[in-house]
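Reader: I would like to go through the strands and the ligand site of this model. Please keep the answers short.

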Amino acid sequence: MEKFIIEGPTRLCGEVTVSGAKNAAVAIIPATILAQGKCVIENIPNISDITVLFKILRAMGATVRVLNRSTVEVDTTYIGEPVVPYELARYMRASYYMLGTLLTRCNRASVSMPGGCNFGVRPIDQHMKGFEALGAHVSIDSGMINAQADMLLGAHIYFDVVSVGATINVMLAAVKAKGITILENCAKEPHIVDLANFLNSMGADVRGAGTDVIKIHGVDILHGTTYSIIPDQIEAGTYMVAAAATGGDVLVKNVIPKHLESIIEKLEKAGAVITEYDDAVRVARDGELSKVNLKTMPHPGFPTDMQPQMTALLSMASGTSIVTEGVWDNRFRYVDELRRMGALIQVDGKVAVVEGVPQLTGAPVRAVDLRAGAAVLIAAMAAKGTTEIEDIEHIERGYEDIADKLTVLGANVKKMIVPEKPLQAAL
Ligand code: EPU
């Protein structure tokens with residue numbers, strides 16, 4: 001077990017380079033199963049979710065060659081049993097993208113119910129609805145999701161909720177289905193557009209990604225390709241919020257500013273000064289932090305994956321902010337951790353009332369999930385004193401070299417190994 005030990009307060013200053021987008025990479029890597037030939041993927045983030053996906057591919061017989069720190073060649077010429085067992089699927093949500101790709105490639109797939117962050121119930125009914133509309137038979141048995149189809153046929157599918165995962169999974173299943181598939185009420189996140197661009201670079205015919213309606217003409221063959229993943233919108237946003245929260249001045253490089261519009265708008269309202277460049281944004285703050293109300297929504301709304309980080313910032317703003325979670329049922333579990341640091345936050349269902357305090361104080365806390373971990377890390381850098389964050393494996397699932405990147409910006413973050421206590425000693 002490892003933990004972060006942070007001494008605060010610090011003011012983050014300097015430059016940080018954003019890595020490739022986790023949520024694009026976790027869709028694109030399973031999509032290599034659809035290629036006849038090798039795929040070279042560039043700008044892959046070096047995070048544990050990606051390591052798990054490569055383990056899954058290797059376990060099925062694919063060859064994964066690391067060409068350099070952020071480039072990998074995947075050869076899926078041989079794929080054996082289309083099964084992803086619990087031991088591998090339980091670490092991450094995106095393991096279920098293997099369903100869409102294996103169904104297309106092998107006409108059947110069995111994938112254990114996926115893991116990932118705990119935000120309450122995380123249904124997969126829209127994935128199943130999409131697969132079934134394409135002609136698959138889908139069942140859940142002993143914790144395994146099983147899908148099987150003699151042939152996938154294009155269909156007209158309307159999603160009842162806007163779902164990133166269902167949009168991606170059904171795209172993956174439809175890309176070689178016979179005929180035309182029309183997906184309506186699709187998610188529009190940047191990683192959906194990135195996946196469509198990747199598939200099109202393999203010879204697919206996917207149009208409309210980034211809008212509500214995606215139209216897919218099924219093709220017979222997808223070939224290998226070389227593709228570079230977009231920068232991570234949420235990693236960029238996290239460093240932007242960290243800069244503003246600590247009263248710093250940071251140039252966040254390798255970003256697509258268009259993807260950051262909703263975050264920029266809220267940070268400016270909170271008192272940050274933001275300058276946009278072609279592929280970078282500079283975030284600086286001198287004055288006080290001000291209250292801001294926000295509600296998370298599917299893209300282009302304010303991203304739910306930035307909600308905990310912004311709440312950490314607002315817990316130090318003057319005035320009372322209202323933060324409403326519009327995507328997940330239960331994404332305020334981390335608030336208890338911020339309260340240990342002196343934050344005054346009341347949660348009622350999907351609404352948090354954040355009464356800003358002038359200064360947080362260091363405390364022992366946990367990273368209850370990935371973005372919750374980023375939030376307590378931001379709070380710790382702004383807080384006075386020492387904060388110890390446990391369960392940092394959640395943070396490392398999604399942020400490449402976060403301790404090193406923050407250290408370069410002037411933070412005092414150390415990673416320590418915590419010896420496992422024997423049960424008796426712990427009692
Ligand atoms: N939903 C359903 N039925 C479904 C699928 C989803 O009702 O079949 C509901 C969910 O319960 C939720 C809403 O639809 O209320 C949105 O869920 P979505 O399917 O969009 O989420 P996801 O695909 O499971 C991805 C990201 C999450 C991010 C959400 C929302 C990946 C691997 N994960 O999850 O990212 O919070 O979209 O933007 O892409 C993170 O990176 O920290 C993270 C959790």
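Reader: Which strand pairs with E23 in the parallel sense?

Author: This is a predicted model, in which local features need pLDDT of at least 70 and side-chain atom pairs count only at pLDDT 80 or more, while totals for chains, interfaces and linings use all residues. Residues are numbered from 1 along each chain as its sequence is written, and side-chain values use heavy atoms, with hydrogens and water left out. Strands (E, at least two residues) and helices (H or I, at least four) are DSSP runs numbered from the N terminus, and two strands pair if DSSP finds at least two bridges between them. Three parallel bridges link E23 to residues 364–366, which are strand E22.

Reader: Which residue in E23 stands opposite Pro364?

Author: Pro364 belongs to the E22 stretch, residues 364–366. Its opposite number in E23 is Glu388.

Reader: What is the handedness of the β-α-β unit made by E22, H12 and E23?

Author: A crossover is right-handed if, with the strands pointing away from the viewer, the path from the first strand over the helix to the second runs clockwise. Here the helix is H12, residues 370–382, and the unit is right-handed.

Reader: Which residue of E23 is the bridge partner of Glu7?

Author: E1 (residues 2–8) runs antiparallel to E23 (residues 385–390), with five bridges joining them. In that pairing, Glu7 is matched with Thr386.

Reader: How far is the polar side-chain atom of Arg371 from an oxygen atom of the ligand?

Author: A polar contact is a pair of N or O atoms within 3.5 Å. A backbone N or O atom of Gln126 is 2.8 Å from a ligand oxygen, and a polar backbone atom of Val327 is 2.6 Å from one. For the polar side-chain atom of Arg371, the distance to a ligand oxygen is 2.8 Å.

Reader: Which helices give two or more residues to the shell around the ligand?

Author: The shell holds 24 residues, each with a heavy atom within 4 Å of the ligand; among the closest are Ser163 and Asp305. Elements that contribute two or more residues are H1 (22–31), H5 (125–133), H6 (164–174) and H12.

Reader: Why is one side of E6 and of E8 left without a neighbour in the sheet?

Author: Four strands make an open, mixed sheet in the order E6-E7-E9-E8. E6 (83–84) and E8 (137–141) stand at its edges, so one side of each is unpaired because each has a single partner strand.

Reader: Which residue in E7 stands opposite Val83?

Author: E6 and E7 (residues 108–112) pair in the parallel sense over two bridges. The residue opposite Val83 is Ser110.

How values were computed. A polar contact is a pair of N or O atoms within 3.5 Å; within protein, one must be able to donate a hydrogen and the other to accept it, and residues adjacent in sequence count only if both atoms are side-chain atoms.
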